[in-house]
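Visitor: I'm new to reading protein models. Could you walk me through one, feature by feature?

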Amino acid sequence: MDKTTGLTHLIKSTQYSMQGLKSAVKYETAFRHELFCCLFMIPLALWLGDDAVEKALMIGSVLLVLVVELLNSAIEAVVDRIGTERHELSGRAKDQGSAAVFVALVIVAITWAFMLFN
């Protein structure tokens with residue numbers, strides 16, 4: 001295996017990350033929906049946030065949803081790769097990944113509520 005370092009490693013890592021984002025946009029409907037929401041929520045946070053900290057918290061909470069959705073999609077892909085038959089552990093893994101996305105969405109709601117109504 002070829003071990004890359006330095007700038008070559010950075011370039012390769014960035015390429016892999018971009019491939020992951022492209023595949024999420026292409027194959028994951030939930031990721032596309034959340035990305036679409038970001039197009040509105042990030043500018044809205046920049047407009048509604050009173051200071052840099054509020055803006056960062058509002059934007060960060062929205063971006064957290066994308067991160068968790070990417071991880072959830074990765075879990076689902078691995079589970080599906082292992083097999084298509086119904087298995088309790090596979091179902092549990094998928095359900096817990098979905099629950100993680102739900103918690104991230106709750107974080108958005110709480111963060112935005114505190115920033116806007118406090």
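Guide: Happy to. Let's begin with a term: helices here are DSSP runs of at least four residues, numbered from the N terminus. Keep in mind that this is a predicted model. Now take residues 99-117: the chain there is 100% helix and 0% strand, with the end C-alpha atoms 26 Å apart.

Visitor: What is the helix content of residues 56-79, and how far apart are the ends?

Guide: That span is 100% helix and 0% strand too, and its end C-alpha atoms lie 34 Å apart. Both stretches turn up in the UniProt record, an unreviewed entry, which places "transmembrane region" at residues 30-49, 56-79 and 99-117. Such annotations may be inferred rather than shown by experiment.

Visitor: How do I read burial? Is Ser61 buried or exposed?

Guide: Go by relative accessible area: under 20% is buried, over 50% is exposed, and partly exposed is in between. Ser61, in helix H3, has 4%, so it counts as buried.

Visitor: Which residues does Ser61 touch?

Guide: Leaving out residues up to four places away in sequence, Ser61 touches Ile107, Val108, Thr111 and Trp112. With Trp112 there's a polar contact as well, joining the two side chains at 3.4 Å.

Visitor: Let's try Leu116. Where does it lie, and which residues does Leu116 touch?

Guide: Leu116 lies in helix H4. Its relative accessible area is 36%, so Leu116 is partly exposed. Beyond residues up to four places away in sequence, Leu116 touches Leu48 and Met58. Here's a good exercise in sequence versus space: Leu116 and Ala45 are 71 residues apart in sequence, yet 9.8 Å apart in space, C-alpha to C-alpha.

Visitor: Next, pockets. Which residues line the largest pocket?

Guide: A pocket is an open set of grid points with protein on both sides, and its lining residues have an atom within 4 Å of a point. In this model the largest pocket has a volume of about 150 Å³. Its lining is Ser17, Gly20, Leu21, Ser23, Ala24, Tyr27, Glu28, Leu70, Ser73, Ala74 and Ala77. Helix H1 (6-27) and helix H3 (52-82) each supply at least two of these residues, and H1 gives the most, with 6.

Visitor: How many nonpolar, polar and charged residues are in that lining?

Guide: There are 6 nonpolar, 4 polar and 1 charged. Let's zoom in on Ser73, which is part of the lining and lies in helix H3. At 9% relative accessibility, Ser73 is buried. The side chains of Ser73 and Glu28, another lining residue, are joined by a polar contact of 3.4 Å.

Visitor: And what does the record list as "binding site"?

Guide: The unreviewed UniProt entry gives Ala30, Phe31, Arg32, His33, Glu34, Glu69 and Ser98. Ser98 is found in helix H4 (residues 88-117) and is partly exposed at 40% relative accessibility. It also links back to our pocket: the C-alpha atoms of Ser73 and Ser98 are 25 residues apart along the chain and separated by 9.1 Å.

Visitor: What about Arg32: which residues does it touch?

Guide: Arg32 sits in helix H2 (residues 29-48), partly exposed at 33% relative accessible area. Not counting residues up to four places away in sequence, Arg32 touches Val25, Lys26 and Tyr27. With Val25 you can see a side chain meeting a backbone: the side chain of Arg32 reaches the backbone oxygen of Val25 at 2.7 Å.

Note on methods:
Residues are numbered from 1 along each chain as its sequence is written. This is a predicted model: local features need pLDDT of at least 70, side-chain atom pairs count only at pLDDT 80 or more; totals for chains, interfaces and linings use all residues. Side-chain values use heavy atoms; hydrogens and water are left out. On a 1 Å grid over the protein atoms alone, a cavity is a set of points where a 1.4 Å probe fits but cannot get out, and a pocket is an open set with protein on both sides within 12 Å along at least five of seven lines; lining residues have an atom within 4 Å of a point. Grid points are joined across faces, edges and corners, and a volume is the space filled by probe spheres set on the points. Helices (H or I, at least four residues) and strands (E, at least two) are DSSP runs, numbered from the N terminus. Ala, Val, Leu, Ile, Met, Phe, Trp, Tyr, Cys and Pro count as nonpolar, Asp, Glu, Lys and Arg as charged, and the others, Gly among them, as polar. Buried means under 20% relative accessible area, exposed over 50%, partly exposed in between (1.4 Å probe, protein chains only). A polar contact is a pair of N or O atoms within 3.5 Å; within protein, one must be able to donate a hydrogen and the other to accept it, and residues adjacent in sequence count only if both atoms are side-chain atoms. Contact means heavy atoms within 4.5 Å.
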